[in-house]
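Thanks for coming. I will take a few minutes on one model, starting at the surface and ending inside.

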Amino acid sequence: MGNKIQKVAIVTGASSGIGEATAIHLASLGYRVFGTSRKGGSGKANTQFELLSLDITSDDSVESFIKNVVSQAGRIDVLVNNAGMGVTGGAEESSLEQVHSIFNTNVYGMIRMIKAVLPYMRNQKEGRIVNISSILGKIPAPFMALYSSTKHAVEGYSESLDHEVRQFGIRSILIEPAYTKTQFDQSSSPADSPMDIYGKNRKKLSELTEFAMKNGDPAETVAHTIARALSDVTPKLRYTSGKQAGQLAKMRRFLPESLFDSGFRKNMKLD
Ligand SMILES: NC(=O)c1ccc[n+]([C@@H]2O[C@H](COP(=O)([O-])OP(=O)(O)OC[C@H]3O[C@@H](n4cnc5c(N)ncnc54)[C@H](OP(=O)(O)O)[C@@H]3O)[C@@H](O)[C@H]2O)c1
């Protein structure tokens with residue numbers, strides 16, 4: 001890492017999947033890593049990084065976690081906002097409580113963490129904030145509309161923030177994976193107010209998602225993309241991760257909207 005000070009990284013949601021792979025990879029690159037889980041380190045022996053308790057939906061939890069990291073390590077160089085959840089079902093099939101719950105984790109949770117680390121990064125005059133978005137933050141996701149809308153919000157927030165904090169030597173960077181083989185699908189909640197009228201398409205789309213995730217990229221692919229975003233001297237605003245994410249991003253960018261729309265519906269087998 002080129003200097004004698006050991007860099008300190010926080011990775012939220014490091015108990016499994018992309019977060020765990022990232023925490024392990026960053027530790028192997030020499031970072032002192034504080035991973036987080038709502039359950040804390042209990043039941044998970046990990047020698048590569050510390051796994052601390054954090055619920056990103058709680059202001060108090062975020063505040064005491066950050067104080068704890070700063071008192072132990074004295075600095076924060078990297079924040080990887082990875083913790084996230086999914087809701088599967090038609091947009092009309094979720095109560096507003098469920099809408100609030102997913103936004104409270106995927107969007108407000110990210111914002112809580114960013115607001116908590118920025119004073120330290122501004123003081124240090126450097127820092128990198130890496131926000132795990134998704135290719136679904138760029139394209140639609142029928143029967144995952146809530147999830148897709150949280151990731152679209154992450155995109156807008158992260159890129160706007162980047163323009164504000166660059167003057168302090170801080171960068172806010174987006175990572176856009178496509179389907180990745182983790183337990184995300186199992187951790188996702190079904191829509192809480194299901195309606196028969198959406199049953200057939202909901203089932204079809206959920207089978208497609210399940211298949212795509214089982215055959216997706218390994219979590220390590222995303223971990224390596226994150227490491228690249230941290231080591232690039234001049235980082236990009238956004239990094240797609242994996243071949244499929246790169247292809248989808250190009251299609252979204254270069255295809256006329258009507259062509260993308262019809263191809264997308266055909267691919268999703270929507271009537
Ligand atoms: N898998 C994919 O196909 C895919 C694709 C694109 C983007 N992503 C994004 O990648 C990120 C990681 O997902 P994953 O696939 O690795 O899924 P995962 O294995 O289910 O990991 C989710 C992590 O988030 C943590 N978490 C959930 N709610 C939390 C909360 N309120 N406070 C703190 N931590 C919380 C969980 O920790 P605890 O339960 O231990 O608290 C867990 O470690 C998410 O942001 C997801 O949207 C995933």
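**Loops, salt bridges and a cavity**

Lysine 125 is exposed, since its relative accessible area is 64%. Keep in mind that this is a predicted model. Lysine 125 sits in the loop between α3 and β6. Its phi is near 65°, a positive value in a residue other than glycine. Lysine 269 also has a positive phi, near 55°, and is placed in the segment after α9, which covers 257–267.

Still on the surface, Met251, Leu255 and Leu259 make up a nonpolar patch, with about 240 Å² of accessible area together. Methionine 251 belongs to helix α8, residues 243–254, and counts as partly exposed because its relative accessibility is 38%.

Now the salt bridges. The count comes to 14. I will go through three pairs.

The pair of glutamate 50 and arginine 32 has its closest N and O atoms 3.4 Å apart. Glutamate 50 is in strand β3 (residues 50–53) and arginine 32 in strand β2 (residues 32–37), so this salt bridge ties together parts 18 residues apart in sequence. Glutamate 50 is partly exposed at 29% relative accessible area, and arginine 32 is partly exposed at 24%.

Next, arginine 75 and glutamate 126 meet in a salt bridge at 3.5 Å, N to O. Arginine 75 is in the loop between α2 (59–73) and β4 (78–81), while glutamate 126 is in the loop between α3 and β6, so the parts tied together are 51 residues apart in sequence. Arginine 75 counts as buried at 18% relative accessibility, because the cut-off for buried is under 20%. Glutamate 126, at 33%, is partly exposed.

In the third pair, aspartate 162 and arginine 171, the N to O distance is 2.9 Å. Are these two partners buried or exposed? Aspartate 162 is buried, with 0% relative accessibility, and arginine 171 is buried at 13%. Apart from the pairs, Lys138, Glu155, Glu159, Glu176 and Arg238 are joined into one network by salt bridges that share partners.

Last, the inside. There is one cavity of 30 Å³ or more, with a volume of about 80 Å³. Which residues lie nearest its centre? They are Asn81, Asn82, Ala83, Asn106 and Met110, out of 13 lining residues. Two or more lining residues come from each of α3 (96–124), β6 (127–132) and α4 (145–165); α3 gives the most, with three. By type, the lining divides into five nonpolar, seven polar and one charged.

Methods. Residues are numbered from 1 along each chain as its sequence is written. This is a predicted model: local features need pLDDT of at least 70, side-chain atom pairs count only at pLDDT 80 or more; totals for chains, interfaces and linings use all residues. Side-chain values use heavy atoms; hydrogens and water are left out. On a 1 Å grid over the protein atoms alone, a cavity is a set of points where a 1.4 Å probe fits but cannot get out, and a pocket is an open set with protein on both sides within 12 Å along at least five of seven lines; lining residues have an atom within 4 Å of a point. Grid points are joined across faces, edges and corners, and a volume is the space filled by probe spheres set on the points. Helices (H or I, at least four residues) and strands (E, at least two) are DSSP runs, numbered from the N terminus. Ala, Val, Leu, Ile, Met, Phe, Trp, Tyr, Cys and Pro count as nonpolar, Asp, Glu, Lys and Arg as charged, and the others, Gly among them, as polar. Patches are made of residues with over 30% relative accessible area and no salt bridge: like charges are joined within 9 Å, nonpolar side chains (Val, Leu, Ile, Met, Phe, Trp, Tyr) within 5 Å. Accessible areas come from the Shrake-Rupley method with a 1.4 Å probe; for residues, only the protein chains shown count as cover. A salt bridge is a side-chain nitrogen of Lys or Arg within 4 Å of a carboxyl oxygen of Asp or Glu. Buried means under 20% relative accessible area, exposed over 50%, partly exposed in between (1.4 Å probe, protein chains only).
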